[in-house]
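Good morning, colleagues. Please take a moment to look at the model on the screen before I begin.

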Amino acid sequence: MSKRSIWSFSTAALVLIPVAVGINYIGKLFAGVLKLPLWLDAIGTVLASMLAGPVIGGLSGLINNIIYGLTMDPISFVYALTSVFIGLVAGIMAYKGWISSWGKAAVIGLAVGLTAVVISTPLNVAFWGGQTGNVWGDIVFGYVLQGTQSVWLASFLDELVVDLPDKLITVLVAYGIYRVMPNSLMNMYKNSGDIEKL
């Protein structure tokens, strides 16, 4: 990969943002309607990060949270910061070569999941008394809180049991899409196999 700046922009990368936002939006609606123990709201963010780098991925996550907050659920605004960091971490790891195999993609998934947990836990405590609003995670929250009386531990584990598997699945799905994309499309974001021009 080239050492060219990963913080510059190209038209192809900017056009990718609305596509990524659409994928995120549909994923979140799907998970919400089916009451899944997952969010599925960052597949587009991670895919954009893999294709066009951390800035485009982070912007995709941020814009998705704003649009979802305006149209479906205002709670989404609170987690915009989490979405930005998901894009940044996935994009930086992709830049460092972590999208060359399924095993490495799984490592990205775990890193993104832990990032989401670390950023979202204080938000959960500040805004919702520690709960995530996900029924599966909140069961864990209630059980841990009852046993330990620690809101922070309960909130951390609540977020962990939802975000870690969610982000692992998210990254693997995004990586699966990335792997099957035609070379003609991939070349819009790459320059002779180098890092995408953002």
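I shall discuss two helices, then the largest pocket, and finally two residues of one further helix.

Please bear in mind throughout that this is a predicted model.

Let me begin with helix α3, which covers residues 54–71. Its 18 residues should span 26 Å at 1.5 Å a residue, and the end C-alpha atoms are indeed 26 Å apart, so the expected and modelled lengths agree. The buried residues of α3 include P54, V55, I56, G57 and G58, and also N64, N65 and Y68. These buried residues of α3 pack against three helices, namely α1 (11–33), α2 (43–52) and α4 (80–95).

That brings us to α4. For its 16 residues the expected span is 22 Å, while the end C-alpha atoms lie 23 Å apart, which again counts as agreement. Among the buried residues of α4 are A80, T82, S83, I86, G87 and V89, together with M93 and Y95. Which helices do the buried residues of α4 pack against? They pack against α2, α3, α5 and α7. Just after α4, G97 adopts a positive phi of about 100°.

I turn now to the largest pocket. Its volume is about 680 Å³. The lining comprises 33 residues, and those closest to the centre are K28, W39, T132, G133 and N134. Six helices, α1, α3, α4, α5 (102–128), α6 (135–148) and α7, each supply at least two lining residues. By character, the lining divides into 15 nonpolar, 11 polar and 7 charged residues.

W39, one of the residues closest to the pocket centre, leads us to D163. D163 is found in helix α7, which runs over residues 151–180. Is D163 buried or exposed? It counts as buried because its relative accessibility is 2%, and the cut-off for burial is under 20%. The side chains of D163 and W39 are joined by a polar contact of 3.5 Å. Beyond residues up to four places away in sequence, D163 touches W39, G113, A116, V117 and S120.

My last residue, W152, also lies in helix α7. With a relative accessibility of 49%, W152 counts as partly exposed, since exposed requires over 50%. Leaving aside neighbours within four places in sequence, W152 is in contact with T121, P122 and V125. W152 and T121 are 31 residues apart along the chain, yet their C-alpha atoms are separated by 7.6 Å.

Thank you for your attention.

Technical notes. Residues numbered from 1 in each chain as written. Predicted model: local features only at pLDDT ≥ 70, side-chain atom pairs only at ≥ 80, totals over all residues. Heavy atoms only, no water. Helix = DSSP H or I, 4+ residues; strand = E, 2+ residues; numbered from the N terminus. Buried < 20%, exposed > 50% of the residue type's maximum accessible area, 1.4 Å probe, protein only. Polar contact = N/O pair within 3.5 Å; in protein donor to acceptor, adjacent residues only side chain to side chain. Contact = heavy atoms within 4.5 Å. Expected span 1.5 Å × (residues − 1). 1 Å grid on protein atoms, 1.4 Å probe; cavity = no way out; pocket = protein on both sides within 12 Å on 5 of 7 lines; lining within 4 Å. Points joined across faces, edges and corners; volume = space filled by probe spheres on them. Nonpolar A, V, L, I, M, F, W, Y, C, P; charged D, E, K, R; others polar.
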